[in-house]
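Take a moment to look over the sequence and the fold. Then follow the chain from its overall layout down to single residues.

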Amino acid sequence: MEILIWIVVFITTFLLMEFMAWFTHKYVMHGFLWMLHKDHHLKDHKSWWERNDLFFVFYAVVSMYFFMIAQFQFAVAIGAGIAGYGLAYFLVHDIFIHQRFKLFRKADHWYAKGIRRAHKIHHKHLGKEESECFGMLIPPLRFLKNKK
């Protein structure tokens, strides 16, 4: 029974991270820490790295903290849920959408197309205001409709 609870804690943490990503993206990245996120919208640099990558580092540190403390029973499951979301975010955002590595270029699935459409709308505005679609894995439903 305990393993089932660990799995539920992992999945719950993973799903809550989508909300955390949305909240952080909307109110922190497009808010008071815009100076770190701006280079992700305005490609005014030639580096593969962006200041925006510091947000990924922040969540990696939070995940490692939960692995290291393990002072309460499900800390490792929470750390794993955060790390799992970080991996999913990296695969979807950095590799699939922004093609930091040239993989998954011809994905032709309705969900993949919906995520790409929502993210394209997010990057339509170059400033911190007027953006929309701040989540990553759960885009607004209108982007998931099958459009050719």
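His37 is a good place to start. But set the scene before that. What you see is a predicted model. The protein has five helices and zero strands. Read from the N terminus, the order of its elements is α-α-α-α-α. The C-alpha trace spans about 45 × 35 × 30 Å along its principal axes. The protein has 148 residues, and 39% of them count as buried.

How do distant parts of the chain meet? Look at contacts with a separation of 6 or more. Of these, 53% link residues 24 or more positions apart.

Now zoom in on helix α2, which covers residues 34–41. Which of its residues are buried? They are Trp34, His37, Asp39, His40 and His41. These buried residues pack against α1, α3, α4 and α5.

His37 sits in this helix. Is His37 buried or exposed? Its relative accessibility is 1%, so His37 counts as buried. The cut-off for buried is under 20%. Leave aside the neighbours within four places in sequence, and His37 is in contact with His25, Met29, His30, Asn52, Phe55 and His122. Its side chain also joins that of His41 in a polar contact of 3.1 Å.

That leads to His41, also in helix α2. His41 has a relative accessible area of 6%, so it is buried. A second polar contact runs from the side chain of His41 to that of His122, at 3.2 Å. Not counting residues up to four places away in sequence, His41 touches His25, His30, Trp34, His122, His123, His125 and Leu126. His25, His30 and His122 are therefore among the residues touched by His41, given that contact means heavy atoms within 4.5 Å. The list for His37 includes His25, His30 and His122 too.

Next, turn to the largest pocket. Its volume is about 480 Å³. Thirty residues would be a lot to name, but of the 30 that line this pocket, the closest to its centre are Phe55, Phe56, Val57, Tyr89 and Asp94. Which elements give two or more residues to the lining? They are α1 (2–32), α2, α3 (53–69), α4 (75–97) and α5 (110–122). The largest share comes from α4, with eight residues. By class, the lining divides into 16 nonpolar, 11 polar and three charged residues.

The helix α4 matters again in the next count. The largest nonpolar core has 20 residues. Which of them have the most contacts inside it? The answer is Tyr85, Val92, Ile97, Met136 and Leu137. The elements giving two or more residues to this core are α1, α3, α4 and α5. Again α4 leads, since the largest share of the core, 10 residues, comes from it.Met136 is one of those core residues. What does Met136 touch, not counting residues up to four places away in sequence? The list is Glu18, Tyr85, Tyr89, Val92, His93, Ile97, Ile115 and His119. Of these, Tyr85, Val92 and Ile97 also appear among the core residues with the most contacts.

Met136 turns up at a cavity as well. The structure holds one cavity of 30 Å³ or more. The largest cavity has a volume of about 30 Å³. Its lining is made of Ile115, Ala118, His119, Cys133, Gly135, Met136 and Pro139. Five of the lining residues are nonpolar, two are polar and none is charged.

Cys133 deserves a second look. It lies in the segment after α5. Its relative accessible area is 11%, so Cys133 is buried. Most residues other than glycine have a negative phi. Phi of Cys133, however, is positive, near 60 degrees.

End with Glu130, which is also placed in the segment after α5. Is Glu130 buried or exposed? At 61% relative accessibility, Glu130 counts as exposed. Glu130 and His30 are 100 residues apart along the chain, and their C-alpha atoms are separated by 9.8 Å.

Notes:
Residues numbered from 1 in each chain as written. Predicted model: local features only at pLDDT ≥ 70, side-chain atom pairs only at ≥ 80, totals over all residues. Heavy atoms only, no water. Helix = DSSP H or I, 4+ residues; strand = E, 2+ residues; numbered from the N terminus. Buried < 20%, exposed > 50% of the residue type's maximum accessible area, 1.4 Å probe, protein only. Polar contact = N/O pair within 3.5 Å; in protein donor to acceptor, adjacent residues only side chain to side chain. 1 Å grid on protein atoms, 1.4 Å probe; cavity = no way out; pocket = protein on both sides within 12 Å on 5 of 7 lines; lining within 4 Å. Points joined across faces, edges and corners; volume = space filled by probe spheres on them. Nonpolar A, V, L, I, M, F, W, Y, C, P; charged D, E, K, R; others polar. Core = buried A, V, L, I, M, F, W, Y, C linked by side-chain atoms within 4.5 Å.
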